[in-house]
Amino acid sequence: MISVTGREMSLGQWVLRGLRLDSVLLVLLSILLLLGLAVLFSASGESLVVIERQLMRIGLGVAAMLLIAQVSLHTLRAVSPWLFVAGVILLLLVMWIGDVGKGAQRWLDLGFMRFQPSEIMKLAVPMMVAWYLSQRHGRPRFRDLLVAAVLIMIPVYLIMQQPDLGTSMLVGAAGFLVIFLAGLGWRWFVGLGLAAAAAIPILWSQMLDYQRQRVLTLFNPESDPLGAGYHIIQSKIAIGSGGLYGKGWLNGTQSQLEFLPERSTDFIFAVYAEEFGFIGVALLLLLYFAIVARGLWIAALAQDRYARLLGGSISLTFAVYMVVNIGMVTGLLPVVGVPLPLVSYGGTSLVTLMVAFGILMSIASQKRLVNR
Amino acid sequence: MAERDAYGEEEEDRERFVLRILLALVVLAAILLALGWRLSGLQVGAHSHFTTLSESNRLRVEPIAPTRGVIRDRNGVLLAGNRASYQLEITVEQAGDLEALLARLRGYVELSEADVERFRRGVRQRRPFQPVLLKAGLDDSTVARIAVSRHELPGVEIEARPLRYYPLGSEFSHAVGYVGRINQQDLQRVDARAYAGSSHIGKSGIERYYEELLHGRPGYRQVEVNAQGRVLRELSVTPPQPGTDLILTLDANLQHAAYRALDGKDGAIVAVDPNNGEILALVSAPGFDPEAFVHGISQADFAAVRDNTRRPLFNRALSGQYPPGSTVKPLVALAGLEEEVTTAEREMFARGYYQLPGHERRFRDWRREGHGRVDMSRAIAVSSDVYFYDLAHTMGIDRMVPILGAFGLGQRVGIDSTGERAGILPSRDWKRATHGEAWFPGETLITAIGQGYMLTTPLQMADFTATLATRGQRYQPHLLRAMDNGSGELEYPLPVAREPVVAAPKHWETIHDSLVEAVHARHGTAWGSVGSTRPEYTIAGKTGTSQVFSLGEDEEYDEEQLARRLWDHALFVGYAPAEAPRIAVAVLVEHGGSGGRVAAPVARKVMDAFLLDAASMALEAAEDE
């Protein structure tokens, strides 16, 4: 046991400990956020308005992270099922009375602000599954898996109906990562993989035309050069023309001449790759890897199963976001509308991620007190 | 002991977790390496390829709008076509000082505030180097003047683009509908990408209902542009796929005759072929000029059309809901026969009014002195209200509603156009649901003569008349006869049969005979205006006069005393030739007065045009072969 006294700590340590923050994670996140602002400045055509708005969101996100970091794990665990139930109710509400934005029902209008309940689910689902599995003892059994899978599929189905394929897959991934981390037997995982493969035709039949088009475009971007294909073609030109060293900050012609669509949001990685080259890309991938690894380290030292599972799922989901976004921008995955985490312009995703890191911080500050 | 177990279990759990984490990290590292590999392929391997693409700059994809399908009537007469229209467009990137340019342009062409406002909106929403429309429909001299001065007008281009036109204008405005400029709401309901190069979209009627067919699929051309955005060369072109041409069931001659038969009065006419549901004429008068919407109607003009008290934009044939009046009596009579409440032969003495047992209130007949002894046939022919009050009272509303419903009252017909309404078929349940009140016996009586809560559209009236003509066979009324997608083969959708109205043949016979009697017997309500003129064929029909204004028990209806807007609606439904019906017609003349006097002759003119017109007959004959 470490004895905590004021004399043994520097002022910085004292502040961090007092605010229950993990210094390594904090530094890594700060670098990523600052880098993101720099890229956004370039991608937005050097717009100070955009930077100002993004700064406000970052401020909101950091505040949320600080706040959540103070919440005890005990409280988080206790609210998990309630948050999940509230989220499902909100999703149903969206179905009935939701605002139609961009042709899909995702938003709930609260009068003073609009928000997407599906965003809550990105956290509520892993919290719920972690809560459920932490109530059980020993290695999870088939029945536990089944219950957990049903818990995951309810919000996934509802979000898919909105229709928001990208978010529903991310929510599903967050939930299934918890099951994976809980130590589900290998055979089950193989079975699950096969079941997922079998579900693809069903998923396909459930998809709307524009969603199918995006998947088809992936295999042949030239078939739809006006729409999603245009995105991918232009994005690849931007990335490829960046070369090893990049064209330099604020000098990416593809992005500055507005050939690249959605360059501030989903396709911001292409701007980065054009301006900073392969070296910059490699460093960015390393930075992401470091954040994920630190998150998993925190999870490994967590005090109980709930914290472990939740922390692990949050870290790995973050990795999934990043991989899906970069895969999509480089033309390896269909264009599903997943932002580059903590870099893309846009509010809700950023705030949700910062809340998630707040949870990780909380887990970090409440490590196992007994060290074997 | 138990504690140690829990501790051991916890340790085991944690170890398992750490193993999984390590596995996840390995997988993640592998994925990142794969991403890195992909990126190095793009950025290092294919770097020069992409640099060329990026520098020679820049590939741009420009949409090519498909040609909209044309709309023709059943005989090939053009109802909606496309013709070239010159429009002024500006490429903002090349224009320099936009305000100065606009000021200079005002010297060549008149720019309305709406034009400029739309232009500014377009400027904000455009893609880079995409020309934005400033003014459409330029005349030749303006085009010439601008062309000569092009060097003074950087970024200004004159484009000839196909624009919709409607050769037959307002007579078809409600049947065919119109296209207008695409706005934000339109983009919500279609795939915005398919409309990247299009300026117009179907806003109402056939133009809207068959938008997807008519529009076609856009093509695109890949072009290379220089740094200023000028097109240097075309790399590849995928031609657009033109929209499908539609051939409607409408007969332009008949539609024209029907419109003229209304003789400037407000109203609606629907004519349908009872044997297959083809709509032969669909008139709502007054119409409007559909081309005004194509060019972009000005606020003031739109306000004038919208606020016109005759409501030219209102499609009376599909959206207008009117009490069907006495035209519903044949259906009520059939219900009485089928429910065995009465027989065709049973006679009653029809006085000038009817009283419910134990009630004071007098339900008056339209004819003050009554009709004397009537059986069912005569009751329909003379349109005795009292006979139907009595029948309705005996039958009750609950037995009446199902048959009226089987004829389609209270439900949308489901025609392939926009704006159709369902009307109202009142019942106990309906009244409880909408008014929260119980059904009163008196309401049964007025429902039987098509008054009270009951509302129908002219389309529904034509539809049930067609059902009477075929003795219960019901075909889905429709406007699309065939599609021509350019393959040389016309595609004919099959007529869709709906649930028939089942009744005993002799009951159908009774109704049919009474409808002939209403037109061709001296005592029939349509005798004076139609039967007495000895038409060349037999007509089965029913007049109706539907009240807009309710009279007190003792008041007299006097046209001269009443404002025109309170006059009764004049109605007539009928089919001909009675023995082998080829056309069923419903006529509504808003505030026209008496159905027999006003609406029946209109229907007669429509039938004449269809059955006697030589051209029509020749075509029918050719079709039969």
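**Questions on a predicted model**

Trainee: Does Val44(B) count as buried, partly exposed or exposed?
Mentor: This is a predicted model, so its values are computed. Val44(B) lies in helix α1 (residues 2-45) of chain B. Its relative accessibility is 45%, and exposed would need over 50% while buried would need under 20%. Val44(B) therefore counts as partly exposed.

Trainee: What accessible area does the nonpolar patch on the surface have together?
Mentor: Val44(B) is one of the patch residues. The others are Leu244(A), Tyr245(A), Ile279(A), Leu283(A) and Leu286(A). Together their accessible area is about 610 Å².

Trainee: Which helix gives the largest share of the nonpolar patch?
Mentor: Look for the element that supplies 3 residues of the patch. That helix covers residues 268-300 of chain A. The largest share comes from α12(A).

Trainee: How many residues of the largest nonpolar core come from α12(A)?
Mentor: The core has 120 residues. Among those touching the most other members are Leu32(A), Met121(A) and Phe357(A). Helix α12(A) gives the most to this core, and its count is 18 residues.

Trainee: Which residues does Phe357(A) touch, not counting residues up to four places away in sequence?
Mentor: Phe357(A) belongs to the largest nonpolar core. Leave its sequence neighbours aside, up to four places away. The residues it touches are then Leu25(A), Leu29(A), Met65(A), Ile291(A), Phe318(A) and Leu342(A).

Trainee: What percentage of the residues in chain A is buried?
Mentor: The secondary structure of chain A comes to 14 helices and 3 strands. The chain has 372 residues. The buried part of them is 55%.

Trainee: Why is strand β4 of chain B largely enclosed by the rest of the structure?
Mentor: The strand spans residues 132-138 of chain B. It has 7 residues. It is largely enclosed because the number of them that are buried is 5.

Trainee: How many bridges join β3 of chain B to β4(B)?
Mentor: Strand β3 of chain B covers residues 78-90, and the two strands run antiparallel. Glu89(B) stands opposite Leu133(B) in β4(B). The number of bridges joining the strands is 4.

Trainee: How many residues apart in sequence are the parts that Glu89(B) and Arg161(B) tie together?
Mentor: Side chains of opposite charge can pair when their charged atoms come close. Glu89(B) and Arg161(B) form a salt bridge, with the closest N and O atoms 2.7 Å apart. Glu89(B) lies in strand β3 of chain B and Arg161(B) in strand β5, so the pair ties together parts whose separation in sequence is 72 residues.

Trainee: Is Glu89(B) buried or exposed?
Mentor: Its salt-bridge partner is Arg161(B). At 33% relative accessibility, Arg161(B) counts as partly exposed. Glu89(B) has 3% relative accessibility, so it counts as buried.

Trainee: By how much of a helical turn are Lys122(A) and Glu119(A) separated?
Mentor: Lys122(A) forms a salt bridge with Glu119(A), the closest N and O atoms being 3.0 Å apart. Both residues are buried. They are 3 residues apart in helix α5 of chain A, so their separation is about one helical turn.

Trainee: What is the relative accessible area of Arg316(B)?
Mentor: The side chains of Asp266(B) and Arg316(B) meet in a salt bridge. Asp266(B) is buried, with a relative accessible area of 16%. Arg316(B) is buried as well, and its relative accessible area is 2%.

Trainee: What is the relative accessible area of Leu337(B)?
Mentor: Leu337(B) lies in helix α15 (residues 329-338) of chain B. Beyond its neighbours within four places, its contacts include Met376(B), His507(B) and Ile511(B). Leu337(B) is buried, and its relative accessible area is 3%.

Trainee: Which residue follows Ala576(B) across a cis peptide bond?
Mentor: The omega of this bond is near -15°. The residue sits in the loop between β22 and β23 of chain B. Its name is Pro577(B).

Trainee: What is the phi of His591(B) near?
Mentor: His591(B) lies in the loop between β23 and α23 of chain B. This residue is buried, with a relative accessible area of 17%. Its phi is positive, although the residue is other than glycine, and the value is near 50°.

Definitions and conventions:
Residues numbered from 1 in each chain as written. Chains lettered and ligands numbered in written order. Predicted model: local features only at pLDDT ≥ 70, side-chain atom pairs only at ≥ 80, totals over all residues. Heavy atoms only, no water. Patch = residues over 30% accessible without salt bridge, like charges linked within 9 Å, V, L, I, M, F, W, Y side chains within 5 Å. Areas by Shrake-Rupley, 256 points an atom, 1.4 Å probe, with all protein chains shown as cover. Salt bridge = Lys/Arg side-chain N within 4 Å of Asp/Glu carboxyl O. Buried < 20%, exposed > 50% of the residue type's maximum accessible area, 1.4 Å probe, protein only. Pairing = 2+ DSSP bridges. Core = buried A, V, L, I, M, F, W, Y, C linked by side-chain atoms within 4.5 Å. Contact = heavy atoms within 4.5 Å.
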